[in-house]
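This report examines selected local features of a protein model. The sequence and the structure are displayed below for reference.

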Amino acid sequence: THIIEEVQIPSVVLATLGILLVDHINQLRDKSGVYLINSLDNLDAVKEGMRMIRTAHWMKQSRIVNIAGSEAKEKIVPHLGTQVRTIPHQRFYDEFKRTKTTDAVRKLAFAYSNNAKKVVQPTKTDVLEAAKTYFVLKRLIEAEKADAVMMDCLPGLKKPHKHVPPCMGFMSLRDEGIAAGCQSDLSATLTLMLVQQLFDRPGFQQNASMETEKNHYFGAHCTCASKLNGTAFASEPYILMSHCEAGWGCVPRVLWSPGRDVTMAQYVSRETPQMYIYSGKVVGCPSIPQTGGCRTNIEMTINEVDNVCDVKGMHQIIFYGNYARQLRTFCQLYGIEVVT
């Protein structure tokens, strides 16, 4: 404990099983800034802890390009240190307008359609235009030397249309391991970045709701990563549909596998930052009702609360695997208050 108090930096401590007694363990197991591993030879836990430290360092060095509004500006996220560089909407509008239907665009559009389980509303032109958004977003990320992107994506869909829904582009970026946040939601984008770096899991930013009769959580949105098992793995099945609010364009309806463990998290940037952390299992992806609804949806159980209406947050990130314990450890290492 003397060394920990002297250095005052986040520390991963491995103590060989049998050396520390309970009083020694209790001095460090809940101490902020420390991840104590009291085990025989669990180097996987040490690797996990070092990945947490590397992730925090990466977040501090990273930049998010935010496509929103009419003014260019910059800010630093408190605590994490991530830079947010805002560029005007017009940059996206102009870049989309000048993007031609190249062979690369056609190839990506073909992959979208060919790999889809079904194409419902979108036309061939809709899919081609949706593919363009990936290349537009990628060019802006590269131009701004950014590591992630977020966009106030709804204004450009209103009449007169400035661009098509960028949801397929968001799917492809997340499938590559690049965080892409909808509606310029900083909390969601930061969480997508953390989840990707900590667990190699693309996440699903969604609108929070509940199935009150079954006491299930229900989240939905019009974009989602398809490579939910990780960037190196195959895509989950998906269907191509129109954008819910806009009523046109091409977006993915990604089908989550029932029975899979999932984690839901949201980093909340405050003076004392918080993270909402929940876990559960996928129940299914309910059919889109006649009244409409965002295209990718997930119905899931929640372990941490008795009544799902007590789940906190909006635009939380859901991803495959139960990583609630690891997220709590990360929060302990970096002074983030865990809330359920």
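The following paragraphs treat a helix, the nonpolar cores, a sheet and a single threonine.

The model is predicted, and every value given here is computed from it.

**Helix α5**

Helix α5 comprises 13 residues, 103-115. At 1.5 Å a residue it should span 18 Å, and its end C-alpha atoms are 18 Å apart, so expectation and model agree. Four residues of α5, namely Val105, Leu108, Ala109 and Tyr112, are buried. Because these residues cover an arc of only 100 degrees around the axis, they lie on the same side of α5. The other side of the helix carries the exposed residues Asp103, Lys107, Phe110, Asn114 and Asn115. Packing partners of the buried residues of α5 are helix α6, helix α7 (167-175) and strand β12.

**Nonpolar cores**

Tyr112 also appears in the largest nonpolar core, which has 58 residues; together with Phe92, Trp256 and Ile302, Tyr112 touches the most other members. Helix α6 (residues 124-143) supplies the largest share of this core, with ten residues. A second, separate core contains 36 residues, among them Met59, Ala188, Ile317 and Leu333. Beyond residues up to four places away in sequence, Ile302 touches Tyr217, Met264, Tyr278, Ser279, Val308 and Val311.

**A three-stranded sheet**

Strand β12, against which α5 packs, belongs to an open sheet of three strands in the order β6-β12-β13, with mixed pairing. Strands β6 (118-119) and β13 (251-254) are the edges, each pairing on one side only. Between β12 (residues 238-241) and β13 the pairing is antiparallel and runs over four bridges. Within this pairing, Tyr238 stands opposite Val254 in β13.

**The environment of Thr263**

Thr263 is located in strand β14, which covers residues 261-268. Is this residue buried or exposed? Its relative accessibility is 0%, and Thr263 therefore counts as buried. Polar atoms of its side chain lie close to two backbone atoms, as tabulated below.

| Side chain | Backbone atom | Distance |
|---|---|---|
| Thr263 | oxygen of Gly321 | 2.5 Å |
| Thr263 | nitrogen of Tyr323 | 2.7 Å |

Gly321 and Tyr323 also figure among the contacts of Thr263 outside its neighbours within four places in sequence. The other residues in that list are Tyr278, Ser279, Ile317, Ile318, Phe319, Asn322, Ala324 and Leu327. Of these, Ile317 is included in the second core, while Tyr278 and Ser279 are likewise touched by Ile302.

Notes:
Residues numbered from 1 in each chain as written. Predicted model: local features only at pLDDT ≥ 70, side-chain atom pairs only at ≥ 80, totals over all residues. Heavy atoms only, no water. Helix = DSSP H or I, 4+ residues; strand = E, 2+ residues; numbered from the N terminus. Buried < 20%, exposed > 50% of the residue type's maximum accessible area, 1.4 Å probe, protein only. Polar contact = N/O pair within 3.5 Å; in protein donor to acceptor, adjacent residues only side chain to side chain. Contact = heavy atoms within 4.5 Å. Pairing = 2+ DSSP bridges. Core = buried A, V, L, I, M, F, W, Y, C linked by side-chain atoms within 4.5 Å. Expected span 1.5 Å × (residues − 1). Arc of directions from axis to C-beta.
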